[in-house]
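Trainee: I have just opened this entry and would like to be walked through it. Could we go through it topic by topic?

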Amino acid sequence: MDERDWQIISLLYKNKNITKTANNLYISQPALTGRIKQIEQDLGVSILTRSNRGVEFTPQGVFAAEFANRLLEEISNFRENLSGLGKDVAGVIKIGATSIIGRYYLPALLEDFNKKYPLVKFNISIHPSAELLKMLKSDIVDFGIVKHCKGFEGEEKRLLTTYNVVIANYAPFEMKDLPDMRQISYPYEDQYRELLRRWWNDNFTRPPKVTSKVANLDLCKEMVFNGLGFSVLPEILIPESPVPLYTKEMLFKDGSPFERKTWLACKKSVLRRPLPKLFFDFVTASDFKSYLRSRNRK
């Protein structure tokens with residue numbers, strides 16, 4: 001058995017699902033199933049059974065999975081400590097971020113980090129927050145820069161920044177007129193969608209008049225910039241408009257503003273490795289807001 005086999009056991013134990021594990025490893029389900037059979041032959045025991053709910057680990061399988069987790073962590077620690085002996089800080093940091101963070105904050109942040117540690121490389125993934133939290137749990141990324149940490153209790157997280165969400169429109173408008181105005185929407189994460197629903201119900205008795213549904217936030221903002229309707233946009237996007245937009249603050253019934261928080265999240269075990277700990281300390285000690293792209297252009 002090699003390191004890849006122990007990774008398979010570890011991920012299977014976390015996911016309890018063949019399809020999900022195959023996707024995490026970027027291999028086909030038949031290839032994964034074949035490898036599991038070979039692992040069981042090598043170990044001389046059955047490590048799992050299949051059911052309608054997914055896969056269940058045998059007592060021998062649980063023992064193997066716990067050993068796999070310890071072994072993989074030790075291998076990771078060994079590699080990072082070895083690479084740091086007698087040379088400058090080097091290695092690879094795996095980071096997952098939401099699209100808006102990846103585009104508007106992350107490049108300047110990583111540039112600043114690389115000025116101090118030029119030999120460090122990055123593996124960057126862009127996904128919604130819910131998917132990133134799953135990737136963190138499966139050790140696919142070391143860090144997630146996410147909009148919420150729901151389901152990630154007990155692990156490490158730090159609040160990096162907060163920005164407001166606003167109503168933006170090409171022409172002047174009054175808030176009371178929104179139910180009769182053309183709205184542009186894009187796919188929202190579940191938590192964000194629920195906040196939007198709550199805000200709308202706090203302020204209006206009629207549903208919004210959604211006339212355009214687009215694939216992503218980028219297309220949505222461009223349509224707003226071109227006068228095709230209003231939308232709910234992060235305030236950090238407003239300076240990109242080629243013409244001045246008309247915006248209004250969004251308040252809930254209790255008077256609180258509609259905000260979006262950005263968190264740096266990781267497993268506590270990740271911080272036992274020197275390089276991730278160095279990156280975590282760097283980010284949490286920095287002024288994250290200063291990395292916003294529009295501010296860097298000024």
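Trainee: Which elements make the right-handed β-α-β unit?
Mentor: In this predicted model, the right-handed β-α-β unit is made of strand 7, helix 8 (residues 190-203) and strand 8.

Trainee: And how many bridges join strand 7 to strand 8?
Mentor: Four bridges join them, and the two strands run parallel. One residue to look up is S185, whose bridge partner in strand 8 is K213.

Trainee: Let us turn to helix 9. Which of its residues are buried?
Mentor: Helix 9 covers residues 217-225, and its buried residues are L217, C220, K221, M223, V224 and F225.

Trainee: What covers those buried residues of helix 9?
Mentor: The cover includes one helix, helix 5 (99-104). It also includes strand 6 (156-169), strand 7 (182-185), strand 8 (209-213) and strand 9 (231-234). Strands 7 and 8 thus appear again here, having already been met in the β-α-β unit.

Trainee: What is found at the start of helix 9?
Mentor: There, a side-chain oxygen of N216 comes to within 3.2 Å of the backbone nitrogen of D218.

Trainee: And just after helix 9, which residue takes a positive phi?
Mentor: That residue is G227, with a phi of about 80°.

Trainee: A change of topic: how many aromatic pairs does the structure hold?
Mentor: It holds 17 aromatic pairs. One of them is formed by Y105 and F288, which are stacked, with 4.9 Å from centre to centre and 15° between the planes.

Trainee: Why does the pair of Y105 and F288 tie together parts that are apart in sequence?
Mentor: Y105 lies in the loop between helix 5 and helix 6 (106-116), whereas F288 lies in the loop between helix 10 (274-285) and helix 11 (293-296), so the pair ties together parts that are 183 residues apart in sequence.

Trainee: Is Y105 buried or exposed?
Mentor: Y105 counts as buried because its relative accessibility is 3%, and the cut-off for buried is under 20%. F288 also counts as buried, at 2% relative accessibility.

Trainee: Why is the pair of F252 and F258 stacked?
Mentor: The ring centres of F252 and F258 are 5.4 Å apart and their planes are at 25°, so the pair is stacked; planes under 30 degrees apart count as such. Both F252 and F258 are buried.

Trainee: Which residues form an aromatic cluster?
Mentor: One aromatic cluster is formed by F113, Y117, F122, F143, F279 and F282.

Trainee: Where does K16 lie?
Mentor: K16 lies over the face of Y13, at 4.0 Å from the ring centre. In another such arrangement, K248 lies over the face of F173, at 5.3 Å from the ring centre.

Trainee: Now for some single residues. Where does I18 have its place?
Mentor: I18 is in helix 2 (residues 18-25). It is buried, with a relative accessible area of 8%.

Trainee: What is I18 in contact with, leaving aside its neighbours within four places in sequence?
Mentor: I18 is in contact with L12, Q29, L32, T33, I36, R50 and V55.

Trainee: T33 is in that list. Where is T33 found?
Mentor: T33 is found in helix 3 (residues 29-43). Not counting residues up to four places away in sequence, T33 touches I18 and R50. Its C-alpha atom is separated from that of I18 by 7.8 Å, the two residues being 15 apart along the chain. For T33 and A22, eleven residues apart along the chain, the C-alpha separation is 9.0 Å.

Trainee: What about T98: where does it lie?
Mentor: T98 lies in the loop between strand 3 (90-97) and helix 5. T98 is buried, with a relative accessible area of 5%. Leaving aside neighbours within four places in sequence, its contacts are I126, H127, P128, S129, L132, I145, V146 and K147.

Trainee: Finally, the whole chain: what does its secondary structure come to?
Mentor: It comes to eleven helices and eleven strands. Of the 298 residues in the chain, 44% are buried. The C-alpha trace spans about 70 × 50 × 35 Å along its principal axes.

Trainee: And what share of the contacts with a separation of 6 or more comes from residues 24 or more positions apart?
Mentor: Such residues account for 73% of those contacts in the chain.

How values were computed. Residues are numbered from 1 along each chain as its sequence is written. Side-chain values use heavy atoms; hydrogens and water are left out. Buried means under 20% relative accessible area, exposed over 50%, partly exposed in between (1.4 Å probe, protein chains only). Contact means heavy atoms within 4.5 Å. A polar contact is a pair of N or O atoms within 3.5 Å; within protein, one must be able to donate a hydrogen and the other to accept it, and residues adjacent in sequence count only if both atoms are side-chain atoms. Rings of Phe, Tyr and Trp (its six-membered ring) pair if their centres lie within 6.5 Å; planes under 30 degrees apart count as stacked, over 60 as edge-to-face and the rest as tilted. A charge sits over a ring if NZ of Lys or CZ of Arg is within 6 Å of the ring centre and within 35 degrees of the ring normal. Two strands pair if DSSP finds at least two bridges between them. A crossover is right-handed if, with the strands pointing away from the viewer, the path from the first strand over the helix to the second runs clockwise.
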